[in-house]
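Here's a quick walk through the structure, starting with the whole chain and then zooming in on a few spots. Keep the 3D view open as you read.

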Amino acid sequence: MSTTARPRRRPGSRGGNSVIKGPTMAHVGFQGARHMHPERLPSAKRERTLSVRLFDTNEDTLESMDNQSSNVKILMVNGLNMNNVSEGIVERMQHLQKLDLSENQLIDTSLPDSFSTLDNLVELNLSNNKFTKLPPSIKKLRNLSRLSLSFNTIDSLKGLEKLKKMQVLMLDHNKFTSVFKDITHMRKLEILDCSSNNIREVGLDVRFLKNLRELNVTKNRISVLPTDVFQLNSLESLKAGQNQISKIPMFNMNPQHCHCLSEIDLSSNVLNKFPGHLLVITKKLDISSNRIKTLEWSKIKKMELQTDKDLYVEGNPLTFPPTDICECGLKSMVQFFQETQLNLKVYQGMKILVLGAPGSGKTSFVQTLVDGQSRLSEEMYEKSAGIEVSDMTFENIANKPEPPPNVTVTKANMEIHKKRLSVHGKERSEDTDDEVSSNASSSEHNKTLNLCIWDFCGNPFYLYPHYMFFEQPAIAILTFNMYTYTSDKFDEMVSSWFDWMIAKTNKLVVLLVGTHADKLKKEKMKAVCNEVKAKLQAHAEKQRQIVQKKIDEITEKPHISQTLSSQLNAYSLLLHEKFVVQSEVITTSAAKNTGYETIAASVEMLANDSRQFPHVLRPIPTFWLDVESFVEERGNTMVVPIVKFDQLKDEIGEKFGMKHLLNTILQYLHETGKVLWFSNNAALKGHVILRPAWFFDIFRAIFRHDLTEKLEIEVEDSFKTIVFEDETSGITQSKYDQMKEEFLAEGIVDRDLLKCMLSHLLPLETNGPFYEVLDLLLNNLDLGYLVSKRPRENGYNLDPEKDSMHSRKYLIPWFRNVPEPTSVQELWEPIAGNQRLAGICRFPKYMPPGLFEMLSVRAHRDKNRLKFLSHWGSGFHARHREEKLQIMFSYTRHETDNGTTLRFEFRDDHGSDPHADSVSAAAMWTILLPILMDFEELLHSYTGVLVERLMECPNCKMLSFIGEWLTPKETQGMPTRPCAECHEEIDTAFLAQPREKKRVDISQIRRRIHSAREQKSN
Ligand SMILES: Nc1nc2c(ncn2[C@@H]2O[C@H](COP(=O)(O)OP(=O)(O)O)[C@@H](O)[C@H]2O)c(=O)[nH]1
Ligand SMILES: [Mg+2]
């Protein structure tokens, strides 16, 4: 089959069929082809024509074909300017295997219906015609294995489900906008050419094309290549030049399974980072005419000097290595690196965390910053969700003297800094100053600052999951859209983000960035910036005052107890840990690429501020870098790139010695965004996540603001093929719909659904990786807990047996938005008069989103012996397994401010008989305390949270006692304490957990309280 389909017009064919003189048909092939042999012997048998070329399609010609028709297997009717395929041809050619109709004038209606009866057709060439749609009749040609539709104007490939035998598919030079979704069933496909179309993405579905050898997507509008493409085991050639591909993410390169492609062509794209990791899997890598500035040594390091690989890099704005070296090919680059590496110092980089409301311009900001030219987010194919990682470097960073000791970066500071930059040849600012210039030349300015930029999706949905990744040390960049800003949106656009950030870290370094500068007049912009600045100061002051007021309340007291003094301590810490905000809003425009030199200057100055970032820009020992490469490589070869800390320690120790440095090195890698190692998180510090971007993807697969949409899409493409055809799972469409509904409505996810959601990140051939990730999510990240549902039963069992065959579902509190069920009060109300233990944690400023959700998952743990009865959006209700107790945790947001109150209450559940034996306060504390302590541990990682702990007076039910579960000693020593509200002497067993020795006669106290109540009501 001619796959290139170049016009091959027969001379004279232009004149139309009727005027053609000469032969009308050529018998070009005979059975056995004996006629070709010069010494051919006459045969007794009649010869049978196998292959026929028609020069016209007149009725005469067709008739003369009649006696051959049962034999003809190949028919060529190309280049005839024909605009119709007659029934006549089709009827006569029922045995046809190959048909070439290329280079005609065929239109959508040209193929007769009977065309679909050409059952034996294996190869069909329809290239160079005028089709605008897939001819419907070809959709039934089940045996078709080679099809060319090249050079038409077809825009959709839908409806080819029956064509499962396809091996070669030529779709180039059409108007397709999407292809991959419609060919997932073509598992035998080997060659696919869809160059010169309008395709925007190579979907994840490409991974089903396991036999694909050649893939050509040149000249389309693709911005992202899924890593699955590179993992196709049979792929030999990948051509993806002339697209808009901006980066090639890292992916698993398991050396055992790694095969080598003969070429990867990524020329004429917009890559800004050297995808050197591809050199491992291809003989020839063409990345010419992109936007790559440096080729990192670390990526080429693994190459041998005598490499036979080819790397094409011309047409890039390369500054390193020098162009003349690059022009001489990969060998000379490797040599260059090997010779220069000894002099090359590496300095510690840092993370930049970009956040702000959705649509505030974060993604455009980051892309423009990284690319050094205007980029608006429409260019990117996927709407951001989760966290997007980009890397960039600032070259020629100067060694700067310590900045002046004021905490806030002032405008004046900025300008001085700008000047200094400009004279270092960066041409970032117009003003030059000879005096400074002479100074500068003497100072050293050859450092490179490596930045790892995390672009946080701004949808409020991520307020909880993203907390995990918002850490210090890092520069936070908060963007807001100056064009759509109005005073009443200040909270939503600016201050709520501050509250969110401060709650986690308390110490912050923030650049406040106004975007969309191109859309405002100068005066308006100035007014907006001034207002935002003033309002932010006022907001910070207000927040400060809330804390100050609490401090005053304590200091005014005559006697400061141990509890109060520890509170005082915590409160004043909140005031002391200042945050640094650049006092002026930096105005930027991603559309015009303005404001970025100020950003660069600010980042550079902050990076040099050794009080804020003592580690940044320090030289990194070579040994650390070796470990870094080792860790990186290790991560790239793992399906689930997570190692246990101890294991990594052993491996490093074995390979490099100096085990004891691992903590320090991992901390460095964590701070620079190379790995994730949450050393302050007790549940997680035993794990090291070697590829942060992979982990973000796992998060993103589950935590999605657009889940409804996402699940819809999943079933459309990859999901049905993965799971519906997976022999073990046997999931039907209706089961899928049911699981989806359940997740969206109840926040309960079925294991199979979860598997699907993660399927593009984890191989499905084996369950191991999935369970590994599941275990991490449930047990280390407090994602959710196991529940079960029996078929045909309505409710869920929130406490199933571990191995129950019905428990394949997980309740994920963050997704659970159902209202409190009425059944709760039916059980809770009747025992309202019983003995109880109740208290609150009040968050006057801000309660971090997700805190309650994590608390509930932890409370559910087996060790707490709670049997969950109900779990709704803002609370849960449980019984204790052994003690007769009902338990409720719930939280409510204050209507007046940002504050929130989390309440816990234990009620004795011996019915409403006041004389029945009730559970002692001491016993309640035994159950409550571990839950509270778990909660306190969670709180511990939010250093900027203001929290008040209060206990309820068992008599008057007012919150009149300080919660002392963290500092119980003082109260434990007393038998009773007076209530500040009702002045009743209250047994301290209700206020703090009693010492073990203390025996309390609860029933006596209960009776006393009871009679006091009766007296009162009289
Ligand atoms: N005119 C103009 N449009 C911008 C600018 N920055 C972003 N946009 C547009 O604003 C919209 C939201 O931008 P995006 O970067 O996706 O915001 P994100 O949701 O914060 O990541 C997109 O339509 C961008 O094209 C800018 O500086 N100028
Ligand atoms: Mg975005």
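## The chain as a whole

About 45400 Å² of the protein chain is exposed, with carbon and sulfur atoms supplying 50% of that area. Bear in mind that this is a predicted model. Of the 1018 residues in the protein chain, 54% are buried.

On the secondary-structure side, the protein chain holds 26 helices and 34 strands. Looking at contacts with a separation of 6 or more, 62% come from residues 24 or more positions apart.

## A three-stranded open sheet

Let's go to a small sheet next. Three strands make up this open sheet, in the order E23-E25-E24, and the pairing is antiparallel. Strands E23 (748-750) and E24 (785-787) sit at the edges with a single partner strand each, so each has one side left without a neighbour in the sheet. From one strand to the next, the twist averages 40°.

E24 and strand E25 (residues 809-811) run antiparallel and are joined by three bridges. Within that pairing, Val787 stands opposite Lys809 in E25. Helix H19 (residues 733-746) packs on the sheet, where it touches E23 and E25, and its direction makes about 155° with that of E23.

## Strand E30 and its partners

Now for strand E30, which covers residues 900-908. Eight of its nine residues are buried, so E30 is largely enclosed by the rest of the structure. As a general reminder, strands of a sheet pair through backbone hydrogen bonds, either parallel or antiparallel.

Which way does E30 run relative to strand E26 (residues 836-843)? The two are antiparallel, with eight bridges joining them. One place to look is Cys841, whose bridge partner in E30 is Leu902. Strand E29 (residues 885-893) also runs antiparallel to E30, and nine bridges join this pair. Here Thr892 stands opposite Thr901 in E30. A hairpin of six residues takes the chain from E29 to E30.

## Helix H12, mostly tucked away

Helix H12 (residues 596-608) has 13 residues and reaches 18 Å from its first C-alpha to its last, close to the 18 Å expected at 1.5 Å a residue. Because 12 of those 13 residues are buried, H12 is largely enclosed by the rest of the structure. Both apolar and polar names turn up if you scan the buried residues, including Tyr596, Ile599, Val603, Glu604, Met605 and Asn608.

## Thr368, a buried threonine

Thr368 is found in helix H6 (residues 362-371). Is Thr368 buried or exposed? With a relative accessibility of 1%, Thr368 counts as buried, since the cut-off for that is under 20%.

The side chain of Thr368 has a polar atom 2.7 Å from the backbone oxygen of Ser364. Setting aside neighbours within four places in sequence, Thr368 is in contact with Gln373, Ser374, Arg375, Ala590, Asn593 and Tyr596. Tyr596 is also one of the buried residues of H12.

## Asn680, out in a loop

For a contrast, try Asn680, in the loop between helix H15 (662-671) and strand E22 (687-689). At 76% relative accessibility, Asn680 counts as exposed. What separates the C-alpha atoms of Asn680 and Ser941? They are 7.6 Å from each other, although the two residues are 261 residues apart along the chain.

Definitions and conventions. Residues are numbered from 1 along each chain as its sequence is written. Chains are lettered from A and ligands numbered from 1 in the order in which they are written. This is a predicted model: local features need pLDDT of at least 70, side-chain atom pairs count only at pLDDT 80 or more; totals for chains, interfaces and linings use all residues. Side-chain values use heavy atoms; hydrogens and water are left out. Two strands pair if DSSP finds at least two bridges between them. Helices (H or I, at least four residues) and strands (E, at least two) are DSSP runs, numbered from the N terminus. Axes are lines fitted to C-alpha atoms, for helices over the stretch in contact, and angles run from 0 to 180 degrees between N-to-C directions. Contact means heavy atoms within 4.5 Å. The expected span of a helix is 1.5 Å times one less than its number of residues. Buried means under 20% relative accessible area, exposed over 50%, partly exposed in between (1.4 Å probe, protein chains only). A polar contact is a pair of N or O atoms within 3.5 Å; within protein, one must be able to donate a hydrogen and the other to accept it, and residues adjacent in sequence count only if both atoms are side-chain atoms. Accessible areas come from the Shrake-Rupley method with a 1.4 Å probe; for residues, only the protein chains shown count as cover.
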